[in-house]
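Me: I have a model open and would like a close look at one part of it, the hairpin, and then at whatever else helps me read the rest. Could you walk me through it?

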Amino acid sequence: MTIDATLLSRIQFGFTVGFHILFPTLNIGLAIFLSIMEGLWLKTANPVYMKITRFWTKIFALTFGMGVVSGIVLAYELGTNFGPFIHIAGSVIGALFVYEVLAAFFLEAGFLGVMLFGWERVGPKMHYSATLLVTLGTIISALGILSANSWMQTPTGFHIEAGRYVADDWWAIIFNPTAVTRFLHMLMASMLTTCFVLAGVSAWHLLKKKYLDVAKTCFSFALGAALILAPMQVVLGDMVGLKIHEYQPLKTAAIEANWETQRGAPLILFAIPDSKQETNHYVVSIPKLASFINTHEWDGELLGLKSVAPKDRPVVGAVFWMFRVMVGIGFLFMLVALIGLWLRFRGRLYDSRSFQRLCVITGPLGFLSTIGGWIVAESGRQPWIVYGLISTRHGASVVPMHQVAISLALFIIVYGFIFSFYLYYLFKLIRKGPDALPQETESATDVITETPFKYMSPEGK
């Protein structure tokens, strides 16, 4: 690829969106987790659930702030670096972003204050309602973003008028052919990532023999949830793969490094794709399995990369390898969850230090899997910014190359500093652990039913 302003703009947007996606990924899963934990506290009056909720709410708030800061620049980048795309498709894609902000982000941010600071100011049920609304906001926000991105992958529900896209059917635009499956796939990825963050942090506390009541509860819950979520993610991934093959067969070809159109294509477990020679080196494969996975037929036909000119092909190496990183981590998560189940049956879930170390190591891998999935989705779409309609080159702004290079360098430096501070405060919160509740010796049932605020405040406010 020729290094020019368009390529640098793509790298810059890829870097900033890749940085940003780390935080919503964790926050979506944490919001659901907090809703469950606070609900269990209201149901059982067990103070451990309250300690869990208050501890992880701090991490949720820190991560939410990072998501807001890192997400603001993305809208500006679309305008500065991809102006022609916005000019053509802005009435569709811009409206989706506006709806996402108005319907989801305001809901999420509006009740976040009650969720964070309302413990001593509102009743338990009102506070739980705020938590549920924040959770709903994060889910709707994810749906809005995934809907907008999926529309760029499978555009529907519009017509072209004077060279610009005009919406005909908002239902068809929002729930375009790939929106629902990709949304569910991302939602499941967020929850699975969060499970292993919870397991990793809890395993670290268990290794340090600190906060054992909270650590054991979170550890058990996270591994149990992962045991359910991991197989579900495999099923959803298969559904997404079928949609990709139906609407973007060249992306499937890049995922499989399939150069020739053929029936009964083998699944390549390992290879080094060579785009110049249009072949693969050091191939390890399973006959016919790629066709079966992507078409559910052993002799199903897969389109080959050679069916189009080289300039119209995705970046094969990035798509091929990132897909395997994503899938490999997914199956690793399933294996860890199964090991956890085996240890649970043996009564050694909280005693195996080697397994706890494994959970600490696997804790952050969900983020790598998520970024790998987004690279597959976005690099596999190339050379289109709106698939089959607007090429990335025609959608990019004409800006001096040195300006994009300077802004890219500044983003890397600034984001590096910001992320360093985030990690510093995150690890500080983890080391500090959950705060002790003022009335832990009291009956939690009496506290909830008689003096709900006293449970949170020594002064009984």
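Reply: Happy to. In this predicted model, strand 4 and strand 5 form a hairpin with four residues between them. Within that turn, Glu-278 has a positive phi of about 55°. Strand 4 covers residues 267–274 and strand 5 covers residues 279–286; the two run antiparallel and are joined by six bridges. If you want a pair to centre your view on, take Phe-270, which stands opposite Val-284 in strand 5. As you look along either strand, keep in mind that in a regular strand the side chains alternate between the two faces of the sheet.

The positive phi in the turn deserves a pause, since most residues other than glycine have a negative phi, and most peptide bonds are trans. Tyr-211 is another residue with a positive phi, near 50°. You will find Tyr-211 in the loop between helix 6 (179–208) and helix 7 (212–247). Its relative accessibility is 27%, so Tyr-211 counts as partly exposed. His-296 also has a positive phi, near 65°, and sits in the loop between helix 9 (289–295) and strand 6 (301–302). At 42% relative accessibility, His-296 is partly exposed too. For the peptide bonds, turn to Gln-382 and Pro-383, which are joined by a cis bond with omega of about 10°. Pro-383 belongs to the loop between helix 12 (365–379) and strand 7 (384–386).

Back at helix 9, Thr-295 is part of that helix and is worth a zoom. A polar atom of the Thr-295 side chain lies 2.5 Å from the backbone oxygen of Ser-291. The backbone oxygen of Glu-297 is 3.2 Å from a polar atom of the Thr-295 side chain. Setting aside residues up to four places away in sequence, Thr-295 touches Leu-242, His-245, Gly-300, Glu-301 and Leu-302.

Now for the helices. Two packed helices are described by the angle between their axes and the distance between the axes. Helix 1 (residues 5–44) packs on helix 6 at an angle of about 80°, with the axes 8 Å apart. An angle from 65 to 115 degrees counts as roughly perpendicular, and helix 1 is therefore roughly perpendicular to helix 6. Among the residues making this contact are Ile-21, Gly-29 and Phe-33 of helix 1, and Met-186, Ser-190 and Leu-198 of helix 6. By class, the contact of helix 1 with helix 6 has 11 nonpolar, five polar and no charged residues.

Helix 2 (residues 47–81) and helix 14 (residues 401–432) offer another arrangement, with an angle of about 170° and axes 10 Å apart. These helices are therefore roughly antiparallel to each other. The contact includes Phe-55, Met-66 and Glu-77 in helix 2, and Phe-411, Tyr-422 and Lys-432 in helix 14. The residues of the contact between helix 2 and helix 14 divide into 16 nonpolar, three polar and three charged.

A good place to finish is Leu-34, in helix 1. Leu-34 has a relative accessible area of 0%, so it is buried. Leaving aside neighbours within four places in sequence, Leu-34 is in contact with Thr-53, Trp-56, Thr-57, Phe-60, Met-115 and Thr-131. For a sense of scale, the C-alpha atoms of Leu-34 and Pro-400 are separated by 47 Å, with the two residues 366 apart along the chain.

How values were computed:
Residues are numbered from 1 along each chain as its sequence is written. This is a predicted model: local features need pLDDT of at least 70, side-chain atom pairs count only at pLDDT 80 or more; totals for chains, interfaces and linings use all residues. Side-chain values use heavy atoms; hydrogens and water are left out. Two strands pair if DSSP finds at least two bridges between them. Axes are lines fitted to C-alpha atoms, for helices over the stretch in contact, and angles run from 0 to 180 degrees between N-to-C directions. Angles under 35 degrees count as roughly parallel, over 145 as roughly antiparallel, 65 to 115 as roughly perpendicular and the rest as oblique. Contact means heavy atoms within 4.5 Å. Ala, Val, Leu, Ile, Met, Phe, Trp, Tyr, Cys and Pro count as nonpolar, Asp, Glu, Lys and Arg as charged, and the others, Gly among them, as polar. Buried means under 20% relative accessible area, exposed over 50%, partly exposed in between (1.4 Å probe, protein chains only). A polar contact is a pair of N or O atoms within 3.5 Å; within protein, one must be able to donate a hydrogen and the other to accept it, and residues adjacent in sequence count only if both atoms are side-chain atoms.
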